[in-house]
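Reader: I've got a structure open and I'd like to learn how to read a strand and the space around it. Can you walk me through it?

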Amino acid sequence: MKNKVVVVGGGMVGAAAALKLAKLGAQVRVLESHLIDANEVLTSEQVDIRVSAINRFSESLLDELGAMPLLRDNRAAPYHQLAAYEQPNNTLLFDREEVSQTHLGHLIENKLIQASLWAQFAHYDIEVEQVTSAPITLEQNIDSITLHYDNKSYQADLLIAADGGRSQVRQLANIGVTGWQYQQACLGILIKLDAPQQYKTWQQFKPSGPIAFLPMQAPYANLIWYQDAAKLASLQSLSNEQLKDHVLEHFFELPGDFTVEQKALFPLARQHANHYSQGRLVLVGDAAHTINPLAGQGVNLGFKDVAALAECLEGLDDLGTCKALKEYERKRRGDNLAMMSMMDACYFGFSNEIKPLKLLRNGVLKIANQAGPLKRKVLEHAMGW
Ligand SMILES: Cc1cc2nc3c(=O)[nH]c(=O)nc-3n(C[C@H](O)[C@H](O)[C@H](O)COP(=O)(O)OP(=O)(O)OC[C@H]3O[C@@H](n4cnc5c(N)ncnc54)[C@H](O)[C@@H]3O)c2cc1C
């Protein structure tokens with residue numbers, strides 16, 4: 001008999017988890033509050049303001065799941081260089097040539113990643129169902145787990161919570177989180193550039209918060225502006241033309257003239273679930289960990305969760321085996337925590353004008369840029385290897 005798996009949340013991570021579990025032979029049901037028509041999304045010209053830097057590890061997972069070929073044909077933009085600096089004359093630059101690769105990663109719209117995964121569901125034993133209310137109880141016994149809604153219940157061998165940072169399933173299971181809300185928020189700005197295709201993504205650290213340039217498929221690019229949340233809210237309320245004037249004052253390195261097309265404000269939180277599993281329940285992606293998006297690692301970590309979970313479950317008769325789920329947690333917690341801590345070191349280390357710290361961080365950038373094998377290791381880590 002096939003194992004039954006229920007995945008709550010069909011975002012990028014939940015959709016990847018559904019496919020991985022179906023590939024292990026499970027019968028999968030995805031419960032999602034916002035259904036999408038994958039075909040419609042993949043053929044739409046409407047560009048999504050939410051984009052992710054997908055590293056090489058995630059790219060190979062998306063390849064294995066059949067999604068990447070659709071994305072390569074559909075506005076996925078490879079980047080070749082990654083730069084970080086405080087002063088433009090002291091740049092830490094990572095280049096594809098240092099690791100003898102064609103590219104370091106891709107910038108891809110979130111909705112395209114999700115849709116390209118959903119487009120694969122038809123090849124497997126996967127059903128998607130819309131849920132319009134919150135689950136009300138979670139019940140477990142030795143050989144099954146049941147999620148109850150007002151008017152319906154779902155029994156499974158394994159329940160995967162992939163319902164994002166505010167996971168209701170995690171809350172129902174009484175799994176607490178540690179973390180905090182950062183003072184800064186970030187404003188995403190989608191621009192249409194009058195410039196050829198760009199291949200360098202860069203981030204400049206400023207005392208008020210970093211700014212970043214993410215080149216999408218020409219003519220689009222995404223600007224990320226970290227700042228005090230109140231200041232960003234007032235910027236968000238401006239017209240696109242007025243916002244452009246502020247962008248010009250802050251983003252000096254843009255490769256051409258541009259129009260502002262869309263803007264969206266995102267709160268920033270760090271959050272880590274106290275446990276990734278409980279009996280036959282397991283958490284993946286943002287339901288387990290939400291990270292400062294400074295280095296664009298959130299969904300990459302989520303995809304690593306999915307790969308590790310599948311590795312721990314492969315070959316098991318019972319996919320809800322508690323010991324295997326604990327092994328998954330053991331594999332992933334340290335890696336996720338290390339990345340969160342690294343992002344915090346950058347956040348707190350760079351968001352100030354304390355003179356000794358300023359000297360130190362510029363020294364670190366300079367040394368790091370010349371650090372040969374160490375630099376290569378950092379780059380490989382960023383690529384997810
Ligand atoms: C500004 C910004 C920039 C970022 N840039 C990057 C980047 O460059 N690279 C990167 O790797 N990461 C990046 N991230 C992080 C990345 O967006 C998240 O890590 C990723 O979206 C998490 O995916 P997820 O599928 O776990 O959760 P989500 O994307 O939150 O998906 C959750 C899904 O569950 C559904 N859902 C929620 N509740 C329920 C419910 N009760 N029942 C049913 N369905 C439910 C939702 O509709 C959604 O489809 C960025 C984040 C931000 C804010």
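Author: Sure. Let's start with a connection: a hairpin joins β15 to β16 through four residues. Keep in mind that this is a predicted model.

Reader: In which sense do β15 and β16 pair, and over how many bridges?

Author: They run antiparallel, with five bridges between β15 and β16, the latter covering residues 220-228. To find your place on screen, look for Leu214, which stands opposite Asn222 in β16.

Reader: And what does β15 do with β14?

Author: That pairing is antiparallel too, over three bridges, with β14 spanning residues 200-204. Here Trp202 has Phe213 of β15 as its bridge partner. β14 and β15 also form a hairpin, this one with six residues between the strands. In its turn, check Gly209: its phi is positive, about 135 degrees.

Reader: How should I think about the two faces of a strand?

Author: In a regular strand the side chains alternate between the two faces of the sheet. Now the case here: on one side of β15 you'll find Ile211, Phe213 and Pro215, and on the other Ala212 and Leu214.

Reader: Are those faces of β15 covered or open?

Author: Both are covered, and every one of those residues is buried. Put as a count for the strand, residues 211-215, that is five of five buried. For this call, buried means under 20% relative accessible area.

Reader: Now the empty space. How many cavities of 30 Å³ or more are there?

Author: Two. The second largest has a volume of about 50 Å³, and its lining brings us back to our strand: Phe213 and Pro215 are in it, and the list also includes Leu193, Met216, Tyr220 and Ala221. β15 and β16 are the elements that give two or more residues to that lining.

Reader: What's the chemical make-up of the lining of that second largest cavity?

Author: Ten nonpolar residues, two polar and no charged ones.

Reader: And how much space is in the largest cavity?

Author: About 60 Å³. Its lining includes Asn55, Lys304, Asp335, Met339 and His381. Helices α9 (298-313) and α10 (322-350) are the elements giving two or more residues to the lining, and α9 gives the most, with three.

Reader: How does the lining of the largest cavity divide by class?

Author: Two nonpolar, five polar and two charged residues. Try colouring both linings by class on your screen.

Terms used. Residues numbered from 1 in each chain as written. Predicted model: local features only at pLDDT ≥ 70, side-chain atom pairs only at ≥ 80, totals over all residues. Heavy atoms only, no water. Buried < 20%, exposed > 50% of the residue type's maximum accessible area, 1.4 Å probe, protein only. Pairing = 2+ DSSP bridges. 1 Å grid on protein atoms, 1.4 Å probe; cavity = no way out; pocket = protein on both sides within 12 Å on 5 of 7 lines; lining within 4 Å. Points joined across faces, edges and corners; volume = space filled by probe spheres on them. Nonpolar A, V, L, I, M, F, W, Y, C, P; charged D, E, K, R; others polar.
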